[in-house]
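I opened the notebook today to follow a few local features through this fold. Here is what I looked up, in the order I went.

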Amino acid sequence: MTDFVQLRPPRRSVDLTIDDRPVSVPEGSTILEACREMGKEIPTLCYLETLHPVNACRVCMVEVEGSRVLVPSCSRKVEAGMKVKTGTDRVKHSRRMVLEFLASSVDLSTAPNTAEWLEEYDCKPERYGPPAPPVPAGERDFAPAGHHEPPDPDHAATVAQPVKVDNDLYVRDYAKCILCYKCVEACGEDHQNTFAIAVAGRGFDARISTEFAVELPDSACVYCGNCIEVCPTGALMFKSEHDLRAAGDWDESRQKEVDTICPYCGVGCTLQLRVQDNEIVRVMAPLDNDITLGNLCIKGRFGWRFVQNRGPSPLPRVQGDSHGNGSGNGRAGGSGGRNGGGADEGRGNGAGTG
């Protein structure tokens, strides 16, 4: 048997105290990772273990003894002897303010856990006034950088706007966008390196945009859907899910998750299918997979519709027997398309190509 070879030196342990409890974690860990190691959950919206932390949402702030300001636990590395407090009045006040600002300006209805956090921290976003009405489609896309209108004292400023539906694969509902930057990272250097989207504008007019605010089909987007995978609020959503929610038919109690392997190439990415009423409604990928880190290509993310095309063929059956032994080379069941026109049971073995 071959002896195990240590390719890199083991990471040293760092001892610190969190809420008066000692904890030891590997050197280089963040405070957030240390908290999770001891079973303590810290609320966060912009953090994801497969992306570089950008400290955007400011929900995960904690207090460190000796620090003048609160620190973001998602990016602050642990230090030996560090003393961390995660539930002081100062921390709770900070989280309450951040969550109130978000809830008063952004639609958080599809953001997991936020309703519980708003209740836990006794948030009252309504104290900022009734939300301003949605702006017309496209108005925020062309707001002049650095130019701000006087605030409306009678309404709370919001990012409410119509949903962008410009393709058949996914929608962009920026009324739900909190500017966490995760989609930008996933599309950029962290994963895809397509750079189809970035942050445009400044201040409250800042928004996620394609180049020159063009529609997705005219942009550099390759429809990998990795931005959907990382979005924490539902601002980016499968069109199939969006349509079900709009019709009032989205029901997670009738859904189940099924793992399978993508059939398209030899990489063999794991797919997590969300199925409702025997129909695939969403496809995700496990974040803990060392090969894909939750990423897929357009085929793995969206190339599953053929599974649900179970209706009769729109093409007339060619001459042949009931098993499809005429012309055609259909192998996947059903006829038509590139697989020829001869097999209703997936057993065609003729010579045609359709």
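**A sheet, a loop and a helix**

I am working from a predicted model. My starting point was the pairing of strand 10 with strand 11 (residues 270–276), which is antiparallel and runs over seven bridges. Within that pair I picked out Lys 256, and I found Val 275 of strand 11 opposite Lys 256.

Next I asked which strands make up the whole sheet. I found an open sheet of three strands in the order 10-11-12, with antiparallel pairing. Strand 10 (255–261) and strand 12 (279–284) are its edges, each pairing on one side only. Ignoring direction, I noted an average turn of 30 degrees between neighbouring strands of this sheet.

Then I went to Thr 110, which sits in the loop between helix 2 (89–105) and helix 3 (114–120). What does Thr 110 touch beyond its neighbours within four places in sequence? I listed Lys 176, Thr 233, Gly 234, Met 237 and Arg 245. For Thr 233 I have a distance too: its backbone oxygen is 2.6 Å from a polar atom of the Thr 110 side chain.

My last stop was helix 6 (residues 239–246), where the buried residues are Lys 239, Glu 241 and His 242. Viewed down the axis of helix 6, these buried residues fall within an arc of 160 degrees, so they line one face of the helix. I checked what they pack against and found strand 6 (170–172), strand 9 (236–238) and strand 12. That brought me back to strand 12, an edge of the sheet above. After helix 6 comes Gly 248, and I noted its positive phi, near 75 degrees.

Notes:
Residues are numbered from 1 along each chain as its sequence is written. This is a predicted model: local features need pLDDT of at least 70, side-chain atom pairs count only at pLDDT 80 or more; totals for chains, interfaces and linings use all residues. Side-chain values use heavy atoms; hydrogens and water are left out. Two strands pair if DSSP finds at least two bridges between them. Helices (H or I, at least four residues) and strands (E, at least two) are DSSP runs, numbered from the N terminus. Axes are lines fitted to C-alpha atoms, for helices over the stretch in contact, and angles run from 0 to 180 degrees between N-to-C directions. A polar contact is a pair of N or O atoms within 3.5 Å; within protein, one must be able to donate a hydrogen and the other to accept it, and residues adjacent in sequence count only if both atoms are side-chain atoms. Contact means heavy atoms within 4.5 Å. Buried means under 20% relative accessible area, exposed over 50%, partly exposed in between (1.4 Å probe, protein chains only). The arc is that of the directions from the helix axis to the C-beta atoms.
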